[in-house]
Amino acid sequence: MEKSRPLWDNPLQFVFACISYAVGLGNVWRFPYLCQMYGGGIASVVVSFFLSMYYNVINAWAFWYLFHSFQDPLPWASCPLNSNHTGYDEECAKTTSTQYFWYRKTLNISSSIEENGNIQWEQAVCLILAWLVVYLCILRGTESTGKVVYVTASLPYFVLIIYLIRGLTLHGAVNGLIYMFTPKLEQLANPKAWINAATQIFFSLGLGFGSLIAFASYNEPNNNCERHAMIVSLINSTTSIFASIVTFSIYGFKATFNYENCLNKVILMLTNVFDLEEGSLTADNLDSMKDYLTTTYPNEYAELLPQIKNCSLEDELDTAVQGTGLAFIVYSEAIKNMEVSQLYSVLYFIMLLTLGIGSMLGNTAAILTPLTDSKFLSSHLPREVISGIVCFINCIVGLVFTIEAGNYWFDIFNDYAATLSLLLIVLVETIAVCYVYGLRRFEKDLHLMIGHKPNWYWKIMWAFASPVLIISLFIFYLTDYIRSGTLQYQAWDATEGQLVTKDYPSYALAVIGLLVAASTMCIPLGALIIFITKRLKKNVSIRA
Amino acid sequence: MLGVLLLAFSLVTIAHAELCRPDAQNAFKVRLSIKSALGDNAYSWDASEEYLFKAMVAFAMRRYSSKETTQISDVLLCNMTERVSFWFVVTDSSRNVTTVPGSEVEAAIRMNRNRINSAFLLTDKTLQFLKISSTLSPLIEPSVPVWLIVFSVVLCLTVAGIAFLVVSGIWRYKKSNKESVETEDLEDKCDTPVTIENGIPCDILDLKTGQINGVYAADDERFTPL
């Protein structure tokens, strides 16, 4: 009876089979009683766990902005007054009202990562709400998730179309589009640009998170995965381009608006100082008038010179705000200048929310699928309780990001929790499928599933192009980390009203190291543990 | 006679000129931006508008001190520019050739800023009294912040949804439990003609061909190796 069960020749095969399980693609129905989550499996789960810890904070922020969009005027449209009502709040006067709203009202950010501060209760309740919404969606597993993704996948497109129409009709949108489509040839020669592009596609498709695997594991065996893979990649890329068109038209509007504001300020200042007639200085004659004034009143003009800003549309288009603040600061600044800004604001933040919750569903599925598939846990607890516990733990950990220094910790997680480890995971997956499992066997499996063998393009990509690309990306990242020396971060200086660069303290560096190590080390560690346990078992069985 | 008059007149003008000049003590600079405020409806600034301005300042002084002694002629304007900006100073007619202290003028203007602005169809920003800061009006905050209201609505909906799903899940579980208990009882009670092996009723099986167990189908080796 026992002899008909297949046996492994050596423990290494077992390890790599488990890794190939992590790759999935319908192998679930073939090896259902094999490995739980070893090796590559656990690494994906660990990365997804880190991701879900901090990612939902973005949804919390989106909720916060959404709730504040129901006011007239929008709270980030103007600065609040100072205590004796003679002018605007100091910090807000130094920077723009949208940045003030983000850094002071939303985050209440401290001036460095060492100053922890208290938990902001407003952010904390928004985070709890975000987790409750996620729990609501994953409560019933694929039954409910399957329905929710209809909304989370289609709503953003509706909103993007509305924004496309609105965006293209805005004054100055054309400037943004021209900017987007003019290639900067010197940037194309910079390898960093290509690395960022490759990384973007990587994370955008959500590879290596285990989410795709988790989702795929719920598919029928004869599902046409080849067609689905192409469709998903195509849709993803076209959506990116579509979204860029919308974004750049909004950028163009914002840049043109700021540029014209800047020009008007200069004109006003010159008109006031030299008591010129109103309307004599316009945007067109500004330069010639400046020359005229330099010659006629050289002394006063020289005094004034440091205050005259050189307004440039290019500079405005180039201003990139760092990190996640981008989505909130830049868009809210553009929205506040539109008519009916409340409507656009609500639409935009609902879209952000559906996108964020859609991503969260993928992340939590990546964590929960192995947990609910494991016999140990699913026999003791029903699926709802497991999901509840996972959400609860993540929520409690996520409260760390609601303290005053929370955004700095968020940036640490955002930059380091996923990058290197993901590359490694996907590399291992590709090599495992193509070389260890064997491209031939994989071909046969696919033939079984979709009815025809994959053509040579796929085979070349899987076997050669992808590993080479990923290895080169990996090497670039490592050399970049090593070369930049001590890691630095951008801290918000309230007195200056802008970001300043600071060094990370030692304990923050330790956390970064732990994050990267935790996920990358899982694969070799897992393999090692299994190797040792198998060895021990063999020794025991030999002795017995 | 004429000479005396001329002398007196020139003395007064000189005195006035000394009182009202840029950066004089107790003098204030005013700047108007009529075109940017009114666009096409802008009026041109002429002597009549100046007269109105003097009247408004005199009105403000009267209101503030409630003495009713300030005359329009007590307000002096000078250094008119094309910008439309000028300096003005308020003299005290009771005491010869002195100016009213700047603090009083400032307080008077502040108190009546609204009236002065409306007389010229302008705002605090377009009719600027440099050195006199205006009190900005704060935004009206409702007693309960709007965001809390929306937040509570969404929170209640979410919690209700979760509660509903959980309760319906438990109810369904209990129902299926009861049903399986009932079917088991049913089997024990009657001598059922339906035989069940391994959870599969026998009659649906094709007894000739049998069921193929997928686990073993994958196995290439049907026979044990030697």
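Here is a quick tour of chain B, its interface with chain A, and a few side-chain pairings in both chains. Keep in mind that this is a predicted model. Chain B carries seven helices and seven strands, and 37 of its residues are in contact with 36 residues of chain A. Over all chains, the salt-bridge count comes to five, and one of these crosses the interface of chain B and chain A.

**Chain B as a whole**

- Reading from the N terminus, the elements of chain B go α-β-α-α-β-β-β-α-α-β-α-β-β-α.
- Of the 226 residues in chain B, 28% are buried.
- Take the contacts in chain B with a separation of 6 or more: 58% of them come from residues 24 or more positions apart.
- The exposed area of chain B is about 15,800 Å², with 59% of it supplied by carbon and sulfur atoms.

**Where chain B meets chain A**

- About 3,200 Å² is buried between chain B and chain A, and carbon and sulfur atoms give 65% of that area.
- Three residues stand out here: B:Arg83, B:Leu136 and B:Trp147 supply 23% of the area that chain B buries against chain A, more than any other three residues.
- The one salt bridge across this interface pairs A:Asp275 with B:Lys29, whose closest N and O atoms are 3.5 Å apart.
- Four residue pairs are in polar contact between chain B and chain A, counting pairs with both residues at pLDDT 80 or more.
- On the side of chain B that touches chain A, the elements giving two or more residues are β1 (28-32), α2 (34-38), α6 (146-189) and α7 (214-217).
- Among these elements, α6(B) gives the most, with 15 residues.
- Sorted by class, that side of chain B has 18 nonpolar, twelve polar and seven charged residues.

**B:Ser33, a loop residue with a link to chain A**

- You'll find B:Ser33 in the loop between β1 and α2 of chain B.
- B:Ser33 has a relative accessible area of 6%, so it counts as buried, the cut-off being under 20%.
- The side chain of B:Ser33 makes a polar contact with the side chain of B:Arg83, at 3.2 Å.
- Setting aside neighbours within four places in sequence, B:Ser33 is in contact with B:Arg83, B:Leu122 and B:Thr126, plus A:Glu278 from the other chain.
- B:Arg83 is worth a second look: besides pairing with B:Ser33, B:Arg83 is one of the three residues highlighted above for the area chain B buries against chain A.

**A salt bridge inside chain B**

- B:Asp124 and B:Arg113 form a salt bridge, with their closest N and O atoms 3.6 Å apart.
- B:Arg113 sits in helix α5 (113-119) of chain B, while B:Asp124 is in the loop between α5 and β5 (127-129), eleven residues away.
- The partners are covered to unlike degrees: B:Arg113 is buried at 8% relative accessible area, whereas B:Asp124 is partly exposed at 28%.

**Salt bridges inside chain A**

- A:Glu91 and A:Arg104 meet through their side chains in a salt bridge, 3.1 Å from N to O.
- A:Glu91 belongs to helix α3 (residues 90-94) and A:Arg104 to helix α4 (residues 97-106) of chain A, so this pair ties together parts that are 13 residues apart in sequence.
- A:Glu91 is buried at 11% relative accessibility, and A:Arg104 is buried too, at 18%.
- Another chain A salt bridge joins A:Arg166 and A:Glu339, the closest N and O atoms being 4.0 Å apart.
- Because A:Arg166 lies in helix α6 and A:Glu339 in the loop between α15 (325-336) and α16 (341-373) of chain A, the pair ties together parts that are 173 residues apart in sequence.
- A:Arg166 is buried, with a relative accessible area of 16%, but A:Glu339 counts as exposed at 56%.

**A:Tyr157 on helix α6 of chain A**

- A:Tyr157 is placed in helix α6 (residues 142-168) of chain A.
- With a relative accessible area of 31%, A:Tyr157 is partly exposed.
- Leaving out neighbours within four places in sequence, A:Tyr157 is in contact with A:Ile235 and A:Thr239.
- The C-alpha atoms of A:Tyr157 and A:Ser332 are separated by 19 Å, and the two residues are 175 residues apart along the chain.

How values were computed. Residues are numbered from 1 along each chain as its sequence is written. Chains are lettered from A and ligands numbered from 1 in the order in which they are written. This is a predicted model: local features need pLDDT of at least 70, side-chain atom pairs count only at pLDDT 80 or more; totals for chains, interfaces and linings use all residues. Side-chain values use heavy atoms; hydrogens and water are left out. Helices (H or I, at least four residues) and strands (E, at least two) are DSSP runs, numbered from the N terminus. Buried means under 20% relative accessible area, exposed over 50%, partly exposed in between (1.4 Å probe, protein chains only). Contact means heavy atoms within 4.5 Å. Accessible areas come from the Shrake-Rupley method with a 1.4 Å probe; for residues, only the protein chains shown count as cover. Buried area is the accessible area (1.4 Å probe) that two parts lose on being put together, summed over both. A polar contact is a pair of N or O atoms within 3.5 Å; within protein, one must be able to donate a hydrogen and the other to accept it, and residues adjacent in sequence count only if both atoms are side-chain atoms. Ala, Val, Leu, Ile, Met, Phe, Trp, Tyr, Cys and Pro count as nonpolar, Asp, Glu, Lys and Arg as charged, and the others, Gly among them, as polar.
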